[in-house]
Amino acid sequence: MPASNTRFGSSPSVAKCKSITLTAKCGEPVIMPVVALGLWKVPADAAFSAVTSALDGGYRHLDCAPVYRNQAIVGAAITAYLTEHAETLSRRDLFITSKVFPSPTNMHDNFENDVRNTLRELDLKYLDLCLIHWPFEYEESSLEDMWMAMEDLVKNGLVKAIGVSNFSSTKLKRILEIAEIPVSVNQVEMHAMFRQEALVNFCNNNGVHVTAYGPLGSGDQWASDGLGRKCAAEERLLSHPETLRVAKSAGCTPAQALIAWIVHHRMCSCAPKSVNPSRQAENIAAGSRDFVNNNKILGLLSTLDKVEPQVRLQHGAFHTGPPESGKCFRTLEELWDEDVSYMLDRDFERPEGFMLRPSQ
Ligand SMILES: NC(=O)c1ccc[n+]([C@@H]2O[C@H](COP(=O)([O-])OP(=O)(O)OC[C@H]3O[C@@H](n4cnc5c(N)ncnc54)[C@H](OP(=O)(O)O)[C@@H]3O)[C@@H](O)[C@H]2O)c1
């Protein structure tokens, strides 16, 4: 096979995969494929084959994190794949995202160590994108301190672009006020059942690209053979009547309708997780330009702008607690900076000492 000179390798499905240029500052454009393989909940013993089949199917963007506890296997799969396809694919054809997780024992001073560990696990010399996983701040370490530590990661050549995850516009504003290196991405829960219009508009107006996590409704969180968590909604996104209606009219699968809505209608990127090669193929195909060019789906997608209910599925209650819990948020209102009253009567996991609102 001839050596590839395209940015994302020679596979036909890759050439068609839509990508965007991030606002970044590293002397070269940082180009991100808009569909990543999500790696949360991929068991370590399934990660090698999941990454290999995804790369075979044209994925060039992997969404990793140390807390997903599979980075070493993901790294082994990347190395094996690059070795086997050395003539057509190189490291620069891939886009690897990972994250740093602030905690009372992992303040900003440790971010560099954290990223070096991640790079060791992934067997890489640099990350394309590194995100602050959650906006946790502690007395000793503010969000602003953490952002400065993120900027050092770029200055030290460990990462090309930096961003945040799970940041409200209130918290993001604080970073934007002091950032010398652009905030490239805010990775947040976003899908037709939690559209986040105000936050997406805020990000768009400030040059921050939004990556949608849980784009298919995160079904394996609620499944008894998955994480077995309680879901805060009765409806499931993949089987929601509006999702099924769009998919049927467009002649695509429900997952493809949801991904196309994010990528081609909301102009965001997303990280669907799948360990199943045919679902992986389905998901990445929906992110290609041809998918909307050759399909009547584009005109149907606005139907998903009206889906009800709107529910934050990744509610974050685990990250709240009383002062003695060591959690930095007491309430969900403090975490999300938004009206959470719609969660009042929902039956989801509430850790001991958890409060929805300060008055409770
Ligand atoms: N930054 C953060 O705090 C954060 C939080 C949550 C998630 N994330 C990222 O976002 C990624 C995606 O979110 P998620 O894993 O919660 O959920 P998701 O991608 O919305 O949903 C994953 C579920 O959908 C199934 N699925 C995948 N493709 C399908 C298809 N074509 N048809 C039917 N079912 C399909 C998967 O099953 P199979 O695997 O069996 O196919 C799995 O059960 C994560 O893996 C992670 O990388 C980030």
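**Entry 1. The largest pocket**

I began with the largest pocket of this predicted model and looked up which residues line the pocket. The lining has 37 residues, and Trp40, Lys41, Ser218, Asp220 and Lys273 lie nearest the centre. I then noted that helix 8 and helix 11 are the elements that give two or more residues to this lining. The volume of the largest pocket came out at about 780 Å³. I sorted the lining by residue character and obtained 15 nonpolar, 14 polar and eight charged residues.

**Entry 2. Charged residues at the pocket centre**

Which residues are linked with Asp220 in a network of salt bridges? I found that Lys41 and Lys273 belong to this network together with Asp220. For the pair Asp220 and Lys273, I recorded a distance of 2.8 Å from N to O. Asp220 lies in helix 8 (residues 219-222), while Lys273 lies in the loop between strand 10 (269-270) and helix 11 (277-285), so this salt bridge ties together parts that are 53 residues apart in sequence. I also checked whether the two partners are covered. Asp220 has 21% relative accessibility and counts as partly exposed, because buried means under 20%. Lys273 is likewise partly exposed, with a relative accessible area of 25%.

**Entry 3. Salt bridges elsewhere**

I searched the whole structure for salt bridges and found eleven. One of them joins the side chains of Asp128 and Arg91, at 2.8 Å from N to O. Asp128 is part of strand 6 (residues 127-132), and Arg91 sits in the loop between helix 3 (71-84) and strand 5 (95-100), so the pair connects parts 37 residues apart in sequence. Are these two residues buried or exposed? Asp128 is buried, at 3% relative accessibility, and Arg91 is buried as well, at 15%.

I next examined Arg195 and Glu197, whose side chains form a salt bridge at 3.2 Å from N to O. Here Arg195 is buried, with 6% relative accessibility, whereas Glu197 is partly exposed, with 41%.

**Entry 4. The second largest pocket**

I returned to the pockets and noted a volume of about 270 Å³ for the second largest. Its lining consists of 19 residues, and those nearest the centre are Gln196, Ala198, Leu199, Arg312 and Glu338. Helix 6 (169-178), strand 8 (183-189) and helix 7 (197-205) are the elements that give two or more residues to this lining. Which of the elements gives the most? I found that helix 7 does, with three residues. By character, the lining divides into seven nonpolar, six polar and six charged residues.

**Entry 5. Helix 10**

Finally, I turned to helix 10 (residues 254-265), which has twelve residues. From the first C-alpha to the last, helix 10 reaches 15 Å, close to the 16 Å expected at 1.5 Å a residue. I then asked how many residues of helix 10 are buried. The number is ten of the twelve, so helix 10 is largely enclosed by the rest of the structure. Among the buried residues I listed Leu258, Ile259, Trp261, Ile262 and Val263; Gln256 and His264 are buried too. I looked up what these buried residues pack against and recorded strand 9 (209-213), helix 9 (241-250), strand 10, helix 11 and helix 12 (289-293). After helix 10 comes Met267, and I noted that its phi is positive, near 60°.

Note on methods. Residues numbered from 1 in each chain as written. Predicted model: local features only at pLDDT ≥ 70, side-chain atom pairs only at ≥ 80, totals over all residues. Heavy atoms only, no water. Salt bridge = Lys/Arg side-chain N within 4 Å of Asp/Glu carboxyl O. Helix = DSSP H or I, 4+ residues; strand = E, 2+ residues; numbered from the N terminus. Buried < 20%, exposed > 50% of the residue type's maximum accessible area, 1.4 Å probe, protein only. Expected span 1.5 Å × (residues − 1). Contact = heavy atoms within 4.5 Å. 1 Å grid on protein atoms, 1.4 Å probe; cavity = no way out; pocket = protein on both sides within 12 Å on 5 of 7 lines; lining within 4 Å. Points joined across faces, edges and corners; volume = space filled by probe spheres on them. Nonpolar A, V, L, I, M, F, W, Y, C, P; charged D, E, K, R; others polar.
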